[in-house]
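Please write a short report on the structure shown below. Keep it brisk and suited to a first-year student.

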Amino acid sequence: MAEDSDLERTEPASAKRLSTAREDGNIPRSRELSTFAITMAGVSLLMVLGGKMAVFLRETMRQLLTFNQSTVQNTEPALRQFKEAIFGALSQLAPFFGGLVLVALFIPTLVGGWNLTTKALEPNFGKLNPLPGIKRLFSLNAATEGLKAILKSLLIGGIATWYIWKERDEIIGLIAMPLEAAILKMTDMIIHTFFIVTAAMILLVAIDVPYQLWSYYKKLRMTKEEVKQEYKEAEGSPEVKGRIRQMQREAARKRMMQEVPKANVIVTNPTHFAVALKYEDGMRAPQVVAKGSLKLAEKIIDTGKDSRVPVMRSPRFARALYFNAELGEDIPAALYAAAAQVLAYVFQLQQYQSVGGAAPVFPDQLDVPEELDPYSKRPQDSAPEESR
């Protein structure tokens with residue numbers, strides 16, 4: 001359990017963990033921000049549209065409560081008038097409620113953004129367990145929510161009390177005013193009181209939003225072991241990756257050895273390095289079809305001999321090819337001259353072995369630039385090795 005303690009969770013949440021949390025419907029949200037925004041929007045809309053809505057509703061009620069003899073005898077005009085009043089009221093209230101709906105949908109996205117997922121709606125019988133709920137009652141989050149509720153009550157109650165006490169003379173003066181004027185005055189005072197109280201809630205929002213973000217990312221923090229495990233799952237364990245790389249090398253080596261019998265010549269060091277060259281009509285330059293060092297070099301040489309591929313000892317040329325030419329690619333242009341000498345000798349040797357004639361002379365001085373040979377300071381030791 002020590003791994004799950006907050007003291008052990010020292011690493012920030014990874015991108016994968018954050019993405020999984022969002023898929024589960026777990027995103028940061030601030031109730032205080034939503035409450036403040038909706039309440040402020042409602043009060044502001046009342047201040048802008050309240051007068052017009054009040055006049056319309058007053059006239060509508062007056063019309064609905066006015067009856068004459070024809071209305072009493074025939075209910076169709078009354079029903080038609082009632083229907084028109086309902087649709088008229090809806091049209092007048094639509095901007096008010098529409099504005100509240102837009103605010104309710106948009107404001108929560110300021111903390112956490114949009115998150116459309118149905119995973120949170122899936123049945124989870126684990127939520128029926130009362131123990132986690134009881135544990136949350138005594139958690140830091142519960143204590144924080146309780147403290148916020150107390151602060152909210154003190155703030156709202158204190159500001160409301162202060163404003164009412166400040167306007168006490170005007171409130172008492174409503175008694176002496178005509179009824180209609182007193183109602184309008186009282187409505188205006190109530191709206192202003194709500195506006196001031198709601199504006200004060202911005203202090204709670206300024207505290208709650210940073211706290212919710214901090215609390216959200218704190219809950220998603222990871223232990224070092226979780227970070228390592230996630231990395232293994234994403235990248236694969238080192239053992240598996242090593243085995244895959246080994247299999248890939250073995251497969252590549254097997255394909256390479258299959259190309260050795262197709263080579264024209266194998267140039268050796270004589271045993272430290274071995275490089276198989278191939279040249280056919282249409283090629284721009286000779287290509288390296290196989291290369292290796294030590295045991296792999298010996299295997300290339302043995303495979304070449306078994307396939308009657310000529311093997312030549314030319315240490316400097318072999319080293320230059322091994323360190324500067326890649327498998328399946330043309331050799332460097334600086335080695336064209338040396339390769340031409342070797343291939344010419346090989347073709348002449350094959351001609352000599354098949355039809356006889358003058359024996360070819362092995363090119364013991366190949367044109368190999370010193371900068372291409374890491375061991376260029378060592379003496380050149382080139383001699384042909386008799387092919388089988």
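How many nonpolar, polar and charged residues are in the lining of the second largest pocket? The lining has 9 nonpolar, 4 polar and 3 charged residues. The model behind these counts is a predicted one.

**The pocket**

The second largest pocket has a volume of about 410 Å³. Its lining is made of 16 residues. Those closest to the pocket centre are Gly-50, Gly-51, Ala-54, Leu-184 and Thr-187. Two elements, α2 and α8 (179-200), each give two or more residues to this lining. The largest share comes from α2, with 9 residues.

**Helix α2**

Now look at α2 itself. This helix covers residues 31-64, which makes 34 residues. A straight helix would reach 50 Å at 1.5 Å a residue. In α2 the end C-alpha atoms are only 41 Å apart. Where does α2 bend? The bend is at Leu-49 and comes to about 60 degrees.

Several residues of α2 are buried. Among them are Glu-32, Leu-33, Ser-34 and Phe-36. Met-40, Ala-41, Gly-42 and Val-43 are also on the list of buried residues. So are Gly-50, Met-53 and Thr-60. Gly-50 thus appears twice in this report: it is buried, and it is one of the residues closest to the centre of the second largest pocket.

A general point helps when you view any helix. An α-helix has 3.6 residues a turn, so residues three or four places apart point the same way.

**Residues that meet across the chain**

Leu-45 also lies in helix α2. Is Leu-45 buried or partly exposed? Leu-45 is partly exposed, because its relative accessible area is 21% and buried means under 20%. Lys-152 belongs to helix α6 (residues 140-166). Lys-152 is partly exposed too, with a relative accessible area of 24%. Glu-329 sits in the loop between α13 (315-324) and α14 (336-355). Its relative accessibility is 44%, so Glu-329 counts as partly exposed.

Each of these three residues has a partner that is distant in sequence. The table gives the pairs.

| Pair | Apart in sequence | C-alpha to C-alpha |
|---|---|---|
| Leu-45 and Phe-97 | 52 residues | 9.2 Å |
| Lys-152 and Glu-32 | 120 residues | 9.6 Å |
| Glu-329 and Pro-286 | 43 residues | 8.4 Å |

Glu-32, the partner of Lys-152, is one of the buried residues of α2.

**Spans named in the record**

UniProt, in an unreviewed entry, lists residues 36-57, 85-107 and 189-214 under "transmembrane region". How much of residues 85-107 is helix in the model? That span is 96% helix and 0% strand, and its end C-alpha atoms are 33 Å apart. Residues 189-214 are likewise 96% helix and 0% strand. Their end C-alpha atoms lie 39 Å apart.

**Two positive phi angles**

Two loop residues deserve a look. Leu-294 has a phi near 55 degrees, a positive value in a residue other than glycine. Leu-294 is found in the loop between β3 (287-293) and α12 (295-306). Is Leu-294 buried or exposed? Its relative accessibility is 52%, so Leu-294 counts as exposed.

Arg-308 is the other case. Its phi is positive, about 60 degrees, although Arg-308 is not a glycine. Arg-308 is in the loop between α12 and β4 (311-313). At 62% relative accessibility, Arg-308 counts as exposed.

How values were computed: Residues numbered from 1 in each chain as written. Predicted model: local features only at pLDDT ≥ 70, side-chain atom pairs only at ≥ 80, totals over all residues. Heavy atoms only, no water. Helix = DSSP H or I, 4+ residues; strand = E, 2+ residues; numbered from the N terminus. Expected span 1.5 Å × (residues − 1). Bend = angle between axes of the 7 residues up to and from the residue. Buried < 20%, exposed > 50% of the residue type's maximum accessible area, 1.4 Å probe, protein only. 1 Å grid on protein atoms, 1.4 Å probe; cavity = no way out; pocket = protein on both sides within 12 Å on 5 of 7 lines; lining within 4 Å. Points joined across faces, edges and corners; volume = space filled by probe spheres on them. Nonpolar A, V, L, I, M, F, W, Y, C, P; charged D, E, K, R; others polar. UniProt positions renumbered as here; feature names shortened; annotations may be inferred.
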